[in-house]
Every structure is written in structure tokens, then in C-alpha cells.
Amino acid sequence: VQLVESGGGMVQPGGSLTLSCVASGFTFSMFSMSWYRQTPGKEREWVAGISHSGGDVSYADSVKGRFTISRDNGINTVYLQMTSLRVEDTGVYYCFAQSFGSWGQGTQVTVSS
């Protein structure tokens, strides 16, 4: 199982970013996926999850209404669209395939003026 995240960067408060995670080594369309983040000084926390078909999604309260998780099973990719970004969203964002306990390498998101 391999997960490769991309799309991180630096953005001003109120800005937007879209993260991507390309999966390989398993039948992507059969498994749910999640995004987590680790912000400075805190434990890694769950951000959003999506079912294998994309029909069910869920979000942490801290990002609800601002972040959108989606997936394209045709290209084995899960996305995290982030809008109205805040300074406290700064951190390393990880893709997670919970059925395998596998993590990507993470992508850094920095929200700063």
C-alpha cells in the first residue's frame, strides 16, 4: 500500500488549497479513506472521512463547512478541498487508509499572513 499526498503550500488566512492523495497497492474503490492532520504541539487528529463509494462523508467539527473530502475511484485519488483557511489549520496533512493502517508521507499546509 502506498499513499502519496500533494498540494500543500503556504496561503494567507481566508485562502484555499486542495490536497490530493494518490493510492496504489490495493483496490482503492473498495475502501474508505480519511484525512488527518498534525498541528504544532498537538496529537495527530482526524479531519475528514469518505466511504468507498464517496456516498458518505464526515468531518471534524473544526473543519465542517470549510473543508470538502471527495474521491475519484477512476484514478485512485482522494481529495481534500480546504477553503476559508485559518492560522490554526496549519500543520502536516496525512492521507490514511484505515483498513490497512497505512499513512502517506504528509504534505505541509501553512496558513500565515
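## The loop after S8

Let's start with Ser84, which sits in the loop between S8 and strand S9 (91-97). This is a predicted model, and in it the phi of Ser84 is near 45°, a positive value in a residue that isn't glycine. How accessible is Ser84? Ser84 has a relative accessible area of 41%, so it counts as partly exposed, between the 20% and 50% cut-offs.

## The loop before S8

Now step back along the chain to Asn76. You'll find Asn76 in the loop that links strand S7 (67-72) with strand S8 (77-82). Asn76 isn't a glycine either, and its phi is positive, near 55°. With a relative accessible area of 25%, Asn76 is partly exposed.

## S4 meets S5

Next up, some strand pairing. Strand S4 covers residues 33-38, strand S5 covers residues 45-50, and the two pair in the antiparallel sense over five bridges. Looking for a spot to pick out by eye? Met33 stands opposite Ile50 in S5.

The hairpin of S4 and S5 has six residues between the strands. Look there for Gly41, which takes a positive phi near 80°.

## S5 meets S6

What joins S5 to strand S6? Three bridges do the job, and S5 and S6 (residues 57-59) run antiparallel. Ile50 turns up again here: its bridge partner in S6 is Val57.

S5 and S6 form a hairpin as well, with six residues between them. In that turn, Gly54 has a positive phi of about 90°.

Key
Residues numbered from 1 in each chain as written. Predicted model: local features only at pLDDT ≥ 70, side-chain atom pairs only at ≥ 80, totals over all residues. Heavy atoms only, no water. Helix = DSSP H or I, 4+ residues; strand = E, 2+ residues; numbered from the N terminus. Buried < 20%, exposed > 50% of the residue type's maximum accessible area, 1.4 Å probe, protein only. Pairing = 2+ DSSP bridges.
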